[in-house]
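Q: I've just started learning to read protein models, and I'd like some help with pockets, cavities and ligands. Could we go through one together?

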Amino acid sequence: MNRAERPPATLTELLSRHDCDQALLAALRERRLPELHFYQSGPSVRAWTELCSSSAYRGYARSFALVDAHAQTIASALPDRPIEVVSLGAGDGAKDLRLLRALASTGRRPRYTAIDASYPLLAGACAAAIESGYPARGIRADLLRDAHCREAGRMLDRQRARLCLLLGGNIGAWDPGDTLRLLRRLTEDQDYLLIDAHQFSERDTLPQYDNPTNRRFALAPLRALGLDDSAGDVHFRLGTSATVPGLALVEKCFEFVETSTVSVGGARFAFRRGDSIRMSSSGKFQGHAFALFLESAGFRIRHQFGGQAGGQVLLLAQRRGAGG
Ligand SMILES: C[S@@+](CC[C@H](N)C(=O)[O-])C[C@H]1O[C@@H](n2cnc3c(N)ncnc32)[C@H](O)[C@@H]1O
């Protein structure tokens, strides 16, 4: 498709830069750093990209490989009519593009809606889809805010079949209860959901996080706030979810070893030696816990791909109707 024929991407901002700074301020007051703040600045996005291609962290490559290997099977399992692909926490949209291609090759005329809190990643995901000839739009939103999910849900096309994507282990970075709430807002009865998660392994899970490349990714948002490397370090520990059976958590925490100051939008915060900032955990499911969790949330599993300990599991699920 030549440039003149390409449809323009529209980008709707439900989350503004100012909102994002305000959310960061509120979180830092509670000594927390939620997941969405890890993808906001150029250096943070570069640290994420570097992590995705690093050999120490294999989560991204495994997730990409599973989607790529099964895209055609997934496309063929979906209703034979025009479809809207809604990517939740789309990132760079590279996996989504594989699915768009597979859908187009089966004649399903996909249209792409990427939803993400990160402006640079969202803009890149939409540009890549358009470049490949698919109608695309972006919605910058905080998916953990009910109002944003409701508003984004209103913008989706009800005439098309819907495939929601929640890829890259996003479910592990968000609280499972919050994730289910956003899925209920953004899917309707009979909609499809393609979702992946990391499988726990006693031997492999922690080393994938506790390494220099991942440490750089974890530190990037704090460096953007002006913290230097001598201020402290990130520590990783294994924990378990209090609410979801079989969900192990890699907990991340920055611990200060000296008094330091960070600034956000003109406000300054002082941290003392011994203070800490809790970062989002990464969730890892054991055995069949992930499928059971999704089924208990009202989804019927249609296909399962992968799933060995320490690897990735990819599920194609369908939301059950009131009767089923
Ligand atoms: C681990 S990456 C996964 C990206 C992509 N789905 C993939 O599989 O490569 C997480 C993505 O979720 C986005 N994200 C994190 N928290 C979010 C939130 N509360 N609302 C919307 N997007 C969020 C980040 O900006 C990032 O693009």
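Q: Let's start with the second largest pocket. How many nonpolar, polar and charged residues are in its lining?

A: One thing before we count: this is a predicted model. To read a lining, you sort its residues by class and see how they split. Here the lining of the second largest pocket has 9 nonpolar, 6 polar and 3 charged residues.

Q: Okay! What volume does the second largest pocket have, and which residues are closest to its centre?

A: Its volume is about 360 Å³. There are 18 residues lining this pocket, and Arg17, Asp21, Leu24, Gln40 and Ser41 are the closest to its centre.

Q: Which helices and strands do the lining residues come from?

A: The idea is to trace lining residues back to their elements. For this pocket, helix H1 (17–29), helix H5 (119–131), helix H10 (212–224) and strand S10 (260–264) give two or more residues each. H1 has the largest share, with 4 residues.

Q: And where does the second largest pocket lie with respect to the domains?

A: Check which domains the lining residues belong to. Domain 1 (3–32 + 42–201 + 287–319) and domain 2 (205–285) both contribute to this lining, so the pocket lies between them.

Q: How many cavities are there in the whole structure?

A: A cavity is a space where a probe fits but cannot get out, while a pocket is open. Searching the whole structure turns up 2 cavities of 30 Å³ or more.

Q: Tell me about the largest cavity. How much space lies in it, and which residues are closest to its centre?

A: The largest cavity holds about 100 Å³ of space. It is lined by 13 residues, and those closest to its centre are Arg62, His198, Gln208, Lys284 and Gly310. Sorted by class, that lining has 2 nonpolar, 8 polar and 3 charged residues.

Q: Which element gives the most to the lining of the largest cavity?

A: That's H9, with 3 residues. Helix H3 (59–77), strand S7 (192–199) and helix H9 (205–209) each supply at least two. You can use the domain trick again: domain 1 and domain 2 both give residues to this lining, so the largest cavity lies between them.

Q: What lines the second largest cavity?

A: This one has about 30 Å³ of space. Its lining includes Trp48, Tyr57, Lys95 and His198. H3 gives the most, with 3 residues. By class, you get 3 nonpolar, 6 polar and 1 charged.

Q: Now the ligand. How many residues surround it, and which are the closest?

A: For a ligand, you look at the shell of residues around it. Here 21 residues surround the ligand, and Gly89, Lys95, Asp116, Asp142 and Leu143 are the closest. The shell divides into 12 nonpolar, 5 polar and 4 charged residues.

Q: Which polar atoms of the protein does the ligand pair with?

A: Look for pairs of N or O atoms and read off the distance. An oxygen atom of the ligand is 2.5 Å from an N or O atom in the side chain of aspartate 116. A ligand nitrogen is 2.8 Å from a side-chain N or O atom of aspartate 142, and a ligand nitrogen is 3.5 Å from a polar backbone atom of alanine 141.

Q: How much of the ligand's accessible area does the protein cover?

A: On its own, the ligand has 600 Å² of accessible area, and the protein covers 97% of that.

Conventions:
Residues numbered from 1 in each chain as written. Predicted model: local features only at pLDDT ≥ 70, side-chain atom pairs only at ≥ 80, totals over all residues. Heavy atoms only, no water. 1 Å grid on protein atoms, 1.4 Å probe; cavity = no way out; pocket = protein on both sides within 12 Å on 5 of 7 lines; lining within 4 Å. Points joined across faces, edges and corners; volume = space filled by probe spheres on them. Nonpolar A, V, L, I, M, F, W, Y, C, P; charged D, E, K, R; others polar. Domains from an automatic or database assignment. Near = heavy atom within 4 Å. Polar contact = N/O pair within 3.5 Å; in protein donor to acceptor, adjacent residues only side chain to side chain. Areas by Shrake-Rupley, 256 points an atom, 1.4 Å probe, with all protein chains shown as cover.
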